[in-house]
Amino acid sequence: MLSGLTFRQREAILGWVMASPWLLGFLAFTLGPMIASLILSLYDWDLISPALLVGWGNYREFFVDDPLSLHSLRITLFYSLMAIPLHLVLGVILAMLLNANIRGQSVIRTVYYLPAVLAGVAVAMLWRWIFSPDFGLLNLFLSYFNIEGPNWLGNRTWVLPSFVIMSLWGVGGGMVIYLAGLQGIPTDLYEAVEIDGATAFRRIWHITLPMLSPVIFFQLIMGVISSMQIFTQAFIMTDGGPANASLFYMLYLYRQAFEYRNMGYASVLAWILFLCILALTLLLFRTASAWVYYEAETQRT
Amino acid sequence: MNTADSMAVAPPSSTSLGKRRTQLIHRIVAYGVLGTGSVFILAPLVWMLSTSLKTRSQVFRFPPEWIPEQFLWQNYVEALTLLPFEIFLLNTVIITGLSVAGELISSAVVAYAFARLRWAARNTLFIVVLATMMLPRQVTLIPTFILFTRVFGWKDTFYPLIVPSFFAVPFFVFLLRQFYMTLPFELDDAATIDGCSKFGVFLRILLPLSKPALAAVAIFSFQFHWNDFFYPLIYLFDKDKFTLALGLRFFQGNYGTDWHYLMAASLVVMLPVILVFFFAQRIFIQGIVYQGFK
């Protein structure tokens, strides 16, 4: 059947065929559903009674009538604002320390990286136990310093910092990436400034951080995307409590969609989450030219 | 001796001495900080193990103790018989195994089309692949849920968790395509001259050479599906269909949180990931590095 075709035509056909799993999946599970969810956002539908067209009603509900929607968005943003910079600073510092010519580098790297590969319910359960006010590890540790720790997950002030502490257990994930970035910096750059007699601080400020900035930039974007979508921890550890103080956005979306069956309103929540992530990512890209250093770019000019 | 003299005489030795001293300081600080950090990293896991071996009364003793009075390995047996562990394990293995296979095969195939074959819309569509990498899955969540449960009638089956895996994962396509690009085109040409078809080049040349990247993809995929909680939560309802992640929740409700049992079961659930991590650490870190340097 293919014998009448040229070599190039056969290659093109094979290209389409081999790309087709992704292409079909994209149409059926991404593009189609995205359009469907836009349409769905204009309806009230509980999956049982017929869908009811409400137009902008769901959007109005989000911004005006529903006190929890913006509340959960604020909580999620607040958490991200605490967690992302801490991960960045700690990850870079640890990577710099580890990048010194020290023995046991790979053992330390393994230890730090291990929690980053663990995730999900088992980890959430572990941390629920660690945060237990009377019998937990964290307050036991604080008692060594004569500090009486709070009821972490049961306290409105401490519940979000608890989630940040828990996430910092996985700081090794970022550290490993920064370490690889540091190891990719050519040593002759350091030798050059050493002749100029630069201090350690100047060396870090003028060489290490600029050379590492593309990696930092990438990690910031991934950090925004993942921290805006936190679900399992909140669902298992607090279920949004106390008094909705840890009602993360995805948890609220889950409730609207799969507990209250408000499919239209949940679609609005999903789209607004998407737009928030998009806006934050674009904002980061906008600032990138001011601080992200790409070697290839400067070489071109 | 005045300073100007000494500097004039021996600048190399003085700088190397200073260099050695800062290196020494750096090393001491590094060991101090990283060592303390390691304690914080490992303490939760040790605590977990310790709790899992305690008696119920010791778990709730104040102040808490590090060392179990006696090492109750029996807790593990009891924890796992409290729930239909074999069923949960089997379900998790089926879902994870098929998903990993599906993602690996489909992503490897699709990546080849983007790396090596010349077809009309390739470059445009590759930008779409990159864009979807960033797309949070929540935007498509509700319509796909309705599609799977209402249109396909897949409620309470494994299909919604497995079938999408066979349609390639954008991130894996990207990762594998980048890896294929590092392999020299001369290999393809040589094989073609020997009478190998384009598909044959993929099967016999590129795939065998891509084992490190394929291993990284397999491990990421395994890690995701093994730990996944959200998708089983929305699609599975019957207890016989539950995965381990869903099953762990039983310790919370029905038994008023028996922490020694819960920690034992959680540790068992974590164990495969920990084992894979230790045996394939190099691949893991290599893969995470590909991820960091797109």
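This is a conversation about a predicted model with two chains, A and B.

Q: Before we start, what kind of model is this, and how are things numbered?
A: This is a predicted model, in which local features need pLDDT of at least 70, side-chain atom pairs count only at pLDDT 80 or more, and totals for chains, interfaces and linings use all residues. Residues are numbered from 1 along each chain as its sequence is written, while chains are lettered from A and ligands numbered from 1 in the order in which they are written.

Q: OK, chain A then: how many helices and strands are there?
A: Chain A has 14 helices and 2 strands, where helices (H or I, at least four residues) and strands (E, at least two) are DSSP runs numbered from the N terminus. Its radius of gyration is 25 Å, well over the 19 Å that the globule rule gives for 301 residues, so chain A is more spread out than a compact globule. That radius is taken over C-alpha atoms, and the rule is 2.2 Å times the number of residues to the power 0.38.

Q: And what does the C-alpha trace of chain A span?
A: Along its principal axes, the trace of chain A spans about 80 × 75 × 35 Å.

Q: Which domains is chain A divided into?
A: There is domain 1 (2–40) and domain 2 (59–300) in chain A, with bounds that come from an automatic or database domain assignment. The centres of these two domains of chain A, taken over C-alpha atoms, are separated by 36 Å.

Q: How many residues of helix α9 in chain A are buried?
A: The count is 0 among the 9 residues of α9 (residues 187–195) of chain A, so this helix is hardly covered. The word has a cut-off here: a residue is buried if 20 or more other C-beta atoms, placed from the backbone, lie within 10 Å of its own, exposed if 12 or fewer, and partly exposed in between. Just after α9(A), Gly197(A) takes a positive phi of about 75°.

Q: Which residues of α8(A) are buried?
A: The buried residues of α8(A) include Val171(A), Met175(A), Ile177(A), Tyr178(A) and Leu179(A). The 13 residues of this helix (residues 171–183) should span 18 Å at 1.5 Å a residue, and its end C-alpha atoms are 18 Å apart, which agrees. The expected span is 1.5 Å times one less than the number of residues in the helix.

Q: Switching topic, where is Pro242(A)?
A: Pro242(A) is found in the loop between α11 (232–237) and α12 (249–259) of chain A, and a cis peptide bond with omega of about -10° joins Gly241(A) to Pro242(A).

Q: Is Asp239(A), in that loop too, buried or exposed?
A: Asp239(A) is exposed, with 12 other C-beta atoms within 10 Å, and it has a positive phi of about 50° although it is not a glycine. Asn244(A) also lies in the loop between α11 and α12 of chain A, has a positive phi near 60°, and counts as partly exposed with 16 C-beta neighbours inside 10 Å.

Q: Now chain B: how many helices and strands are there?
A: Chain B has 17 helices and 0 strands. Its radius of gyration is 27 Å, well over the 19 Å that the globule rule gives for 294 residues, so chain B is more spread out than a compact globule.

Q: What about its domains, and how far apart are their centres?
A: The assignment for chain B gives domain 1 (3–59) and domain 2 (83–247), and 41 Å separate their centres, taken over C-alpha atoms.

Q: How many residues of chain B are in contact with chain A?
A: In chain B, 78 residues are in contact with 71 residues of chain A, where contact means that two C-beta atoms, placed from the backbone, lie within 7 Å. The largest share of the chain B side, 17 residues, comes from helix α2 (residues 11–52) of chain B. That side divides into 56 nonpolar, 15 polar and 7 charged residues; Ala, Val, Leu, Ile, Met, Phe, Trp, Tyr, Cys and Pro count as nonpolar, Asp, Glu, Lys and Arg as charged, and the others, Gly among them, as polar.

Q: One last thing, what does Leu253(A) touch?
A: Leaving aside neighbours within four places in sequence, Leu253(A) is in contact with Ala266(A), Leu269(A), Ala270(A), Leu273(A) and Gln138(B).
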